[in-house]
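Work through the exercises below with the sequence and the structure open beside you. Try each task before reading its solution.

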There are 2 protein chains.
Amino acid sequence: MTDSKESRGPRAKAAGKRRQLTAAAARVLHEQGVERTTIADIARAAEVPAGNVYYYFKTKDELVEAALSEHASHLETLTGRLDQLADPRERLKGLVDAWVSQRDTAARYGCPMGTLASELDKRAEGGLDLTAGRVIRQLLEWVEAQYRQIGVADPEGHALALVGAYQGMSLLSNALRDPEVMAREGARLTRELDSLGC
Amino acid sequence: MTDSKESRGPRAKAAGKRRQLTAAAARVLHEQGVERTTIADIARAAEVPAGNVYYYFKTKDELVEAALSEHASHLETLTGRLDQLADPRERLKGLVDAWVSQRDTAARYGCPMGTLASELDKRAEGGLDLTAGRVIRQLLEWVEAQYRQIGVADPEGHALALVGAYQGMSLLSNALRDPEVMAREGARLTRELDSLGC
DNA sequence: GTCTATACCGTGATAGAC
DNA sequence: GTCTATCACGGTATAGAC
C-alpha cells in the first residue's frame, strides 16, 4: 500500500494480481450480481488460483468494496475528462453520450452502480454499509454543480431528475433487453438539455 | 386449481396456506432480495412449517413466479381503479400519486418490480426466464394508452420516460435512503403532466 | 393429503505446506 | 511472502412417516 506498485520482484507480481482481481471483481459482480458470484468465479476471471484469493482479500465483502472503488474511479476519470469542456451544458450532454455509448452493456446487465446499489442495500443488515450510495451521491453532486453553473433554478432537483432518468432507462433497457431504450431516452435528455431555459 | 378455494375441509386449509405463502413470498423476496431469501424465511413469514413448503411449491423458482404474479395482480387492481377516472391525464396523475404514497417502502427496499427485474435478469442462465419484464411491459402499455388518449405525439416515448422516471427515483430514493426524493420527483412529474401540450 | 427427517451439494473461510 | 488441501456451515430438494 505504501510502496509503489511497480517496484520489482515478487511485490510487483502481488500488486498485479491484486489489480487483476479488483478488475475482475468489478466486471463479474456486475454481470452475475453479488450474491450469485462466488470467490471462485472471480478467481477464474482474474486467472488467479482459486483458493488463493483470500491472501489478497480477507473476505468477500472486501472484494465488493474493491469493485465499488473501481467504479468510483471510473466515474472520476469520466467527469475529469468532461471537466475540460468549457460549457457546463456540453459537459452534461457529454455525460449522456457516455451513458448511451454503454447501452449494450446496460441492456444486458443494467447500470453497474445502480444494480450494485440495490443489491448492497439489501446486504446491509444492521452492520456497516458497503454503501454504493456514496458513489451515486458523488455523481449527483457533480451533475448539480453543472446545473448550478448553467444558472438554472433548483439545480439539485435537476440533478435528481437527470441521474434518475439514467437509472430508470438502464433498468428498463435491462428488463426489456433492448438497448434502443437507452438511445431513445438519451436523445430526449439531450433535447431537454438543449432547450433548457428557453 | 379447478375447484373453488373456499369449498370446505382440508382443501380450504391448503389453499389458504398457499395464498399465505405467495403473499409472504412477495413481501420477503422484496425486502431481502431473491438470492438472500431462503425457503425457511418465507415459511416463517407465512407461519407455515418450514420443510413443508415444498408440498405447495416444488421449487424456489415457483415461489418467485408466484410472487411475480402477486405483483402483477396488484398492478392490475391499481390500473383498474384508475380506469374509472374520466380524464386520462388524471389517471396518470393518480398513478404518480400511488407511487409517491409508497415512498417509505421504496426508500427502504426499492420498487418491488424494479428490484425483482434486475435480480431475475441475472438469474436467467440460458434457461427459461422468470421475466419480470412482462409485468413492466404491461405497465408501459397501460401508460402508453393513456398518453395516446391524451393525443400527445410519440406516446411510447412518453411512457418510457414516465415509467423510467419512476424506476429511477425509486432506485435513487433507495440508494440515498431518502423518501423525500420520491416526493420531489413525483411533484415534478405531476407538474409536467399538468403542463402537457401547452 | 399433509408434513418432517435427512441427503447432498456448494459456499466462504482457515490452517498450514511450499 | 505465496498458495493449496480441507473444514464447517447452510442451502435446496426428496424420500418416506403420519
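**Exercise 1: the largest pocket**

Task: State which helices each supply at least two residues of the lining of the largest pocket, then describe that lining.

Solution.
Step 1. Both chains take part: α8 (155-175) and α9 (180-194) of chain A, and α8 (155-175) and α9 (180-194) of chain B, each give at least two residues to the lining. The model is a predicted one.
Step 2. The lining consists of 39 residues, and the pocket has a volume of about 1200 Å³.
Step 3. Nearest the centre of the pocket lie A:A161, A:R188, A:E192, B:R188 and B:E192.
Step 4. Sorted by character, the lining has 19 nonpolar, eight polar and twelve charged residues.

**Exercise 2: how the chains are related**

Task: Find what turn and what shift lay chain B on chain A, and name the relation.

Solution.
Step 1. A turn of 180° with a shift of 0.0 Å along the axis lays chain B on chain A, and the RMSD is 0.0 Å.
Step 2. This is therefore the relation of a two-fold axis.
Step 3. To locate the rotation axis, look for B:G168: of the residues of chain B, its C-alpha comes closest, at 1.9 Å.

**Exercise 3: the surface near DNA strand C**

Task: Describe the residues around DNA strand C and list side chains that approach its phosphate oxygens.

Solution.
Step 1. There are 14 residues around DNA strand C, and those that come nearest are A:Y54, B:K17, B:P49, B:N52 and B:Y55.
Step 2. These surface residues divide into seven nonpolar, five polar and two charged.
Step 3. Helix α1 (residues 10-32) of chain B provides the largest share of this surface, three residues.
Step 4. Now consider the strand itself. Of its atoms within 4 Å of the protein, 77% belong to sugar or phosphate, and the rest belong to bases.
Step 5. Take the side-chain N or O atoms in turn. For A:Y54 the distance to a phosphate oxygen of DNA strand C is 3.3 Å. For B:Y55 it is 2.3 Å, and for B:Y56 it is 3.0 Å.

**Exercise 4: an annotated domain**

Task: Find where UniProt places the feature "domain: HTH tetR-type" in chain A, and describe the chain there.

Solution.
Step 1. An unreviewed UniProt entry places this feature at residues 15-75 of chain A.
Step 2. Over residues 15-75, chain A is 69% helix and 0% strand.
Step 3. The C-alpha atoms at the ends of this stretch are 23 Å apart.

Notes:
Residues are numbered from 1 along each chain as its sequence is written. Chains are lettered from A and ligands numbered from 1 in the order in which they are written. This is a predicted model: local features need pLDDT of at least 70, side-chain atom pairs count only at pLDDT 80 or more; totals for chains, interfaces and linings use all residues. Side-chain values use heavy atoms; hydrogens and water are left out. On a 1 Å grid over the protein atoms alone, a cavity is a set of points where a 1.4 Å probe fits but cannot get out, and a pocket is an open set with protein on both sides within 12 Å along at least five of seven lines; lining residues have an atom within 4 Å of a point. Grid points are joined across faces, edges and corners, and a volume is the space filled by probe spheres set on the points. Helices (H or I, at least four residues) and strands (E, at least two) are DSSP runs, numbered from the N terminus. Ala, Val, Leu, Ile, Met, Phe, Trp, Tyr, Cys and Pro count as nonpolar, Asp, Glu, Lys and Arg as charged, and the others, Gly among them, as polar. A residue is near a molecule or strand if one of its heavy atoms lies within 4 Å of it. A polar contact is a pair of N or O atoms within 3.5 Å; within protein, one must be able to donate a hydrogen and the other to accept it, and residues adjacent in sequence count only if both atoms are side-chain atoms. UniProt positions are given in the numbering used here, feature names are shortened, and annotations may be inferred rather than shown by experiment. Copies are superposed by least squares on the C-alpha atoms of residues with pLDDT of at least 70 in both.
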